[in-house]
Amino acid sequence: MAAPAAEGLAVTALRSVLHRVRQAAERSGRRADDVRVVAVSKTKPISLINQVYDAGHRCFGENYVQEIIQKAPELPEDIEWHYIGHLQSNKVKQLLSTSLFKYMCEFSFVIIQLP
């Protein structure tokens with residue numbers, strides 16, 4: 001019985017975030033359509049992702065390779081997936097074997113202490 005209430009909260013939370021994004025965009029002189037909100041779906045059940053999808057959201061992010069590989073085939077094909085975070089070298093082959101991503105980018109920063 002707790003799951004449907006949690007799912008309703010996810011859609012409510014998404015709407016709240018989208019509203020705040022629109023307000024922030026207006027204050028900064030930007031168009032809200034130029035801001036992409038990625039709903040992070042890591043550790044969330046497919047039923048919850050479907051609730052958010054049914055509310056109109058199409059942009060989701062995962063940071064566990066195994067989860068995205070398992071979830072994506074069970075979800076609508078028009079979802080725009082984003083891989084979030086550091087991708088371990090031993091997971092690259094798994095992720096690239098899917099056709100989920102149009103592009104991926106990995107940034108590494110090196111901080112050097114100067115004398």
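1. The note opens with a pairing in the sheet of this predicted model: Phe60 has Trp81 as its bridge partner in β3. The two residues also meet through their side chains, as Phe60 and Trp81 form a tilted aromatic pair with 6.2 Å centre to centre and 45° between the planes. Phe60 belongs to strand β2 (residues 59–62) and Trp81 to strand β3 (residues 80–83), so the pair ties together parts that are 21 residues apart in sequence. A search of the whole structure returns one aromatic pair. Phe60 and Trp81 are both buried.

2. The overall architecture may be set out next. Four helices and three strands make up the elements of the chain, and from the N terminus on they follow the pattern α-β-α-β-α-β-α. The three strands form an open sheet in the order β1-β2-β3, with parallel pairing. Strands β1 and β3 are the edge strands, each pairing on one side only. In general, the strands of a sheet pair through backbone hydrogen bonds, in either a parallel or an antiparallel arrangement.

3. The two strand pairings can be described separately. Strands β1 and β2 are joined in the parallel sense over two bridges, and in this region Ala39 stands opposite Phe60 of β2. Strands β2 and β3, which also run parallel, are joined by four bridges. Besides the bridge between Phe60 and Trp81, Glu62 has Tyr83 of β3 as its bridge partner. The connection from β2 to β3 passes through helix α3 (residues 65–71), and this β-α-β crossover is right-handed. A right-handed β-α-β unit is likewise made by β1, α2 and β2.

4. Which residues cover the two faces of β2? Cys59 and Gly61 lie on one side, Phe60 and Glu62 on the other, and all of these are buried. As a general matter, side chains in a regular strand alternate between the two faces of the sheet. A reader inspecting the model may note that the buried set includes Glu62, the residue bridged to Tyr83.

5. Ala39 merits a point of its own. Ala39 is found in strand β1. With a relative accessible area of 17%, Ala39 counts as buried, because the cut-off for that class is under 20%. Not counting residues up to four places away in sequence, Ala39 touches His57, Cys59, Phe60 and Gly61. The C-alpha atoms of Ala39 and Val52 are 8.6 Å apart in space, while the residues are 13 apart in sequence.

6. Is Ser41 buried or exposed? Ser41 is buried, with a relative accessible area of 2%. Ser41 is placed in the loop between β1 (39–40) and α2 (46–54). Leaving aside neighbours within four places in sequence, Ser41 is in contact with Ile49, Phe60, Gly61, Glu62, Glu67, Lys71 and Trp81. Its contacts thus include both members of the aromatic pair, Phe60 and Trp81.

7. Thr43 should be examined for its backbone geometry. Thr43 also has its place in the loop between β1 and α2. The phi angle of Thr43 is near 65°, which is a positive value in a residue other than glycine.

8. An interaction between a charged group and a ring is present as well. Arg58 lies over the face of Tyr53, at 3.6 Å from the ring centre.

9. What is the setting of Gly8? Gly8 is found in helix α1, which covers residues 2–28. Gly8 is partly exposed, with a relative accessible area of 31%. The C-alpha atoms of Gly8 and Leu48 are separated by 8.6 Å, although these residues are 40 apart along the chain.

10. Some totals for the chain complete the note. Of its 115 residues, 25% count as buried. The chain exposes about 8500 Å², of which carbon and sulfur atoms supply 56%. Among the contacts with a separation of 6 or more, 38% are accounted for by residues 24 or more positions apart.

Conventions. Residues numbered from 1 in each chain as written. Predicted model: local features only at pLDDT ≥ 70, side-chain atom pairs only at ≥ 80, totals over all residues. Heavy atoms only, no water. Phe/Tyr/Trp six-rings, centres within 6.5 Å; stacked < 30°, edge-to-face > 60°. Buried < 20%, exposed > 50% of the residue type's maximum accessible area, 1.4 Å probe, protein only. Lys NZ or Arg CZ within 6 Å of the ring centre and 35° of its normal. Contact = heavy atoms within 4.5 Å. Areas by Shrake-Rupley, 256 points an atom, 1.4 Å probe, with all protein chains shown as cover. Pairing = 2+ DSSP bridges. Right-handed = clockwise from strand over helix to strand, strands pointing away.
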